[in-house]
Amino acid sequence: MRTIFAHRGVSSLAPENTLSAIKLCTDYQVRWFECDIDILQDDTIVLSHDSTLDRCTNRSGPLFELNRQDLDQIDAGSWFSDEYCGERIPTLDQLIAQMNQYQLNANIEIKSGDVSAEACRRLLAGLDRALNQLNDGREYIISSFNPMLLAEFKRLRPQAPVACLFENHTLNDDWHVIMEWTGAEYIHPQNEGLTQQQVQLFKSKGYQVNVWTVNAKDRANQLFNWGVDGIFTDFPQNFSSKYRED
Ligand code: G3P
Ligand code: MG
């Protein structure tokens with residue numbers, strides 16, 4: 001099974017982590033997407049890669065200072081193109097509704113970079129509640145670079161499939177200890193520098209392997225030939241249907 005994950009939605013054609021970018025998956029028969037989540041001051045969970053508004057909206061400053069009602073005033077699309085002027089930062093509840101409506105599956109990556117441990121706990125509890133709203137048949141994977149968040153989420157929701165994210169320089173000899181400690185079924189290593197030997201080691205331990213972020217077709221072919229299960233790409237529209245799992 002080879003899975004193509006639309007990274008932050010179809011982020012080469014629409015503003016990342018927006019409902020438009022995720023809905024575009026349906027145009028290309030991509031059933032899985034990846035998105036990043038974080039929490040606001042009033043416990044609203046939203047889609048955002050960054051902990052500030054600066055790069056992907058018409059505002060600046062920390063995301064965490066916002067409340068739900070502020071989202072209606074923030075443009076998260078015109079930085080990308082005029083076509084997406086007025087696009088909003090979506091809430092996790094809106095995302096879950098869209099997954100149900102379009103029968104999409106999600107890798108939800110927990111960010112929460114700049115918030116307190118208490119806010120992190122509320123984020124995990126809110127994510128757990130939101131996942132209860134998914135219709136039967138919808139699939140998800142929860143991932144993070146932070147093993148403590150994953151272990152805590154696994155305690156809250158033992159049935160949740162969980163993935164440890166690794167940057168190339170953090171893939172040290174203790175990677176397997178981290179996997180076992182979190183209870184993760186998936187390993188999500190960085191593409192750059194990843195070797196066939198590493199992929200074979202992950203597979204020999206029984207893990208599913210999804211690699212980020214792979215935009216070149218030749219590299220995707222190489223990874224799949226090594227036994228990788230899936231890739232995250234900004235260009236899912238460029239991958240022929242033979243790679244798709246549906
Ligand atoms: O989840 C894969 C990938 O999204 C991890 O890196 O920085 O794009 O969230 P980043
Ligand atoms: Mg991500």
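In which strand is the place of Ile 39? The legends below answer this and then turn to other sites of the structure, which is a predicted model.

**Figure 1. Ile 39 and its surroundings in the predicted model.** Ile 39 has its place in strand 2, which covers residues 32–39. The residue has a relative accessibility of 1% and therefore counts as buried, since that term applies to values under 20%. Apart from neighbours within four places in sequence, Ile 39 is in contact with Thr 44, Ile 45, Phe 64, Val 115, Ala 119, Arg 122 and Leu 123. One of these partners, Leu 123, is 84 residues away from Ile 39 in sequence, yet the two C-alpha atoms are 6.0 Å apart in space.

**Figure 2. The residues around ligand 1.** Ligand 1 is surrounded by His 7, Arg 8, Glu 34, Asp 36, His 49, Glu 109, Lys 111, Phe 145, Leu 165 and Trp 212. Sorted by class, this shell comprises five charged, three nonpolar and two polar residues. Three side chains are shown with their distances to oxygen atoms of the ligand. For His 49, an N or O atom of the side chain is 2.7 Å from an oxygen atom of ligand 1. For His 7, a polar side-chain atom lies 2.8 Å from an oxygen atom of the ligand. For Asp 36, the distance between a side-chain N or O atom and a ligand oxygen atom is 3.3 Å. On its own, ligand 1 has 290 Å² of accessible area, and the protein covers 91% of this.

**Figure 3. The protein donors of the magnesium ion, ligand 2.** Glu 34 and Glu 109 each contribute OE, and Asp 36 contributes OD. These donors lie 2.0 to 2.2 Å from the ion. Along the chain, the donors follow the spacing E-x1-D-x72-E. Asp 36 belongs to strand 2 and Glu 109 to strand 4, so this pair ties together parts that are 73 residues apart in sequence. Both Asp 36 and Glu 109 are buried. Glu 34, Asp 36 and Glu 109 are also among the residues around ligand 1.

**Figure 4. Arg 8 in the loop after strand 1.** Arg 8 lies in the loop between strand 1 (3–7) and helix 1 (19–23). Its phi is near 60°, a positive value in a residue other than glycine. Arg 8 has a relative accessible area of 15% and is therefore buried, the limit for this term being under 20%. Arg 8 is also one of the residues around ligand 1.

**Figure 5. Helix 2 and the residue Gln 103 that follows it.** Which residues of helix 2 are buried? They are Leu 92, Leu 95, Ile 96, Gln 98, Met 99 and Asn 100. The cover over these buried residues includes helix 1, helix 3 (117–131), strand 2, strand 3 (45–47) and strand 4. Gln 103 has its place in the loop between helix 2 (92–102) and strand 4 (105–110). Just after the helix, this residue takes a positive phi of about 55°, although Gln 103 is a residue other than glycine.

**Figure 6. The cis peptide bond between Trp 212 and Thr 213.** What kind of peptide bond joins Trp 212 and Thr 213? The bond is cis, with omega at about -20°. Thr 213 lies in the loop between strand 8 (208–211) and helix 7 (217–226). Its partner in the bond, Trp 212, is included among the residues around ligand 1.

Terms used:
Residues numbered from 1 in each chain as written. Chains lettered and ligands numbered in written order. Predicted model: local features only at pLDDT ≥ 70, side-chain atom pairs only at ≥ 80, totals over all residues. Heavy atoms only, no water. Helix = DSSP H or I, 4+ residues; strand = E, 2+ residues; numbered from the N terminus. Buried < 20%, exposed > 50% of the residue type's maximum accessible area, 1.4 Å probe, protein only. Contact = heavy atoms within 4.5 Å. Near = heavy atom within 4 Å. Polar contact = N/O pair within 3.5 Å; in protein donor to acceptor, adjacent residues only side chain to side chain. Areas by Shrake-Rupley, 256 points an atom, 1.4 Å probe, with all protein chains shown as cover. Nonpolar A, V, L, I, M, F, W, Y, C, P; charged D, E, K, R; others polar. Donors = N, O, S within 2.8 Å, 3.2 Å for Na, K, Ca; no water.
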